Structures are given as C-alpha cells and as structure tokens.
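Biologist: I should like to learn how to read the features of a model such as this one. Where should we begin?

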Amino acid sequence: VYTFARAGDQYYIAMEYVSGETLDAIIQKGGKLAWQTAVCYICQALSGLEHAHKLNVIHRDIKPSNLMLAEIGDIK
C-alpha cells in the first residue's frame, strides 16, 4: 500500500500494480494445488500479513481472490 486517501466522500487506496493472476483464478484453471506449493504460498501470505500488522494495517478479507501470484512467482 502506497497511501490511503480521500477525495470528497470517496476513500481509496493506492497500491502496487502486480502483473499476474489471483490465486483463485489459478485454482479455478488448474485445480487444487500441491501441498508443497500451498505451504509456500501460505508462508508468503503470512509474512506479508505480519508486516502489515506491524504497521497497524489489518486486512479483513483474506481469500484466494485477494492474493496475487506475480509473474516472478511471489504471492502479493
């Protein structure tokens, strides 16, 4: 997250652009993930959540459609 802002009565978040696909789309196309892949992705997601929580940012909607697999293979 780069910034939180408000324009009139509308709030918005400016975030990094991630070129890739959502985890949900990947699962829809290819079926369930191998457990080793799932563990890798979950560990990355938890690391990101830990960082956010240290900055007092709480994501209240963690789900596969809100996790992106970047083209370089990292979960965002």
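Modeller: Let us begin with the naming of elements. Helices (H or I, at least four residues) and strands (E, at least two) are DSSP runs, numbered from the N terminus. Please keep in mind throughout that this is a predicted model.

Biologist: With that naming settled, which helix gives the most to the lining of the largest pocket?

Modeller: The general idea comes before the case. Rolling a probe the size of a water molecule over the atoms shows where empty space is left. In this structure, helix α2, which spans residues 35–54, gives the most to the lining of the largest pocket, namely 6 residues. The lining comprises 26 residues in total, and the space within the largest pocket amounts to about 910 Å³.

Biologist: Which residues lie nearest the centre of the largest pocket, and how do the residues of the lining divide?

Modeller: Nearest the centre lie V1, M15, G48, H59 and K76. By residue class, the lining has 15 nonpolar, 7 polar and 4 charged residues.

Biologist: Let us turn to the strands. In which sense do strands β1 and β2 pair?

Modeller: Strand β1 (residues 3–7) and strand β2 (residues 10–14) pair in the antiparallel sense, over 5 bridges. Within this pairing, T3 stands opposite A14 in β2. The two strands form a hairpin with 2 residues between them, and G8, in the turn, has a positive phi of about 65 degrees.

Biologist: How should one read a single residue of a strand, and where is A5 found?

Modeller: In a regular strand the side chains alternate between the two faces of the sheet. A5 is found in strand β1. Leaving aside residues up to four places away in sequence, A5 touches Q10, Y11 and Y12. Its relative accessible area is 21%, so A5 is classed as partly exposed, given that buried means under 20%. The C-alpha atoms of A5 and R60, which are 55 residues apart along the chain, are separated by 18 Å.

Biologist: Finally, how many disulfides does the structure hold, and why is there no bond between C40 and C43?

Modeller: A disulfide is a covalent bond between the sulfur atoms of two cysteines. The structure holds 0 disulfides. For C40, the closest cysteine sulfur is that of C43, at 7.2 Å, and it is therefore too far for a bond; the cut-off is 2.5 Å. As to accessibility, C40 counts as partly exposed at 40%, and C43 is also partly exposed, with a relative accessible area of 48%.

How values were computed. Residues are numbered from 1 along each chain as its sequence is written. This is a predicted model: local features need pLDDT of at least 70, side-chain atom pairs count only at pLDDT 80 or more; totals for chains, interfaces and linings use all residues. Side-chain values use heavy atoms; hydrogens and water are left out. Two strands pair if DSSP finds at least two bridges between them. Buried means under 20% relative accessible area, exposed over 50%, partly exposed in between (1.4 Å probe, protein chains only). Contact means heavy atoms within 4.5 Å. On a 1 Å grid over the protein atoms alone, a cavity is a set of points where a 1.4 Å probe fits but cannot get out, and a pocket is an open set with protein on both sides within 12 Å along at least five of seven lines; lining residues have an atom within 4 Å of a point. Grid points are joined across faces, edges and corners, and a volume is the space filled by probe spheres set on the points. Ala, Val, Leu, Ile, Met, Phe, Trp, Tyr, Cys and Pro count as nonpolar, Asp, Glu, Lys and Arg as charged, and the others, Gly among them, as polar.
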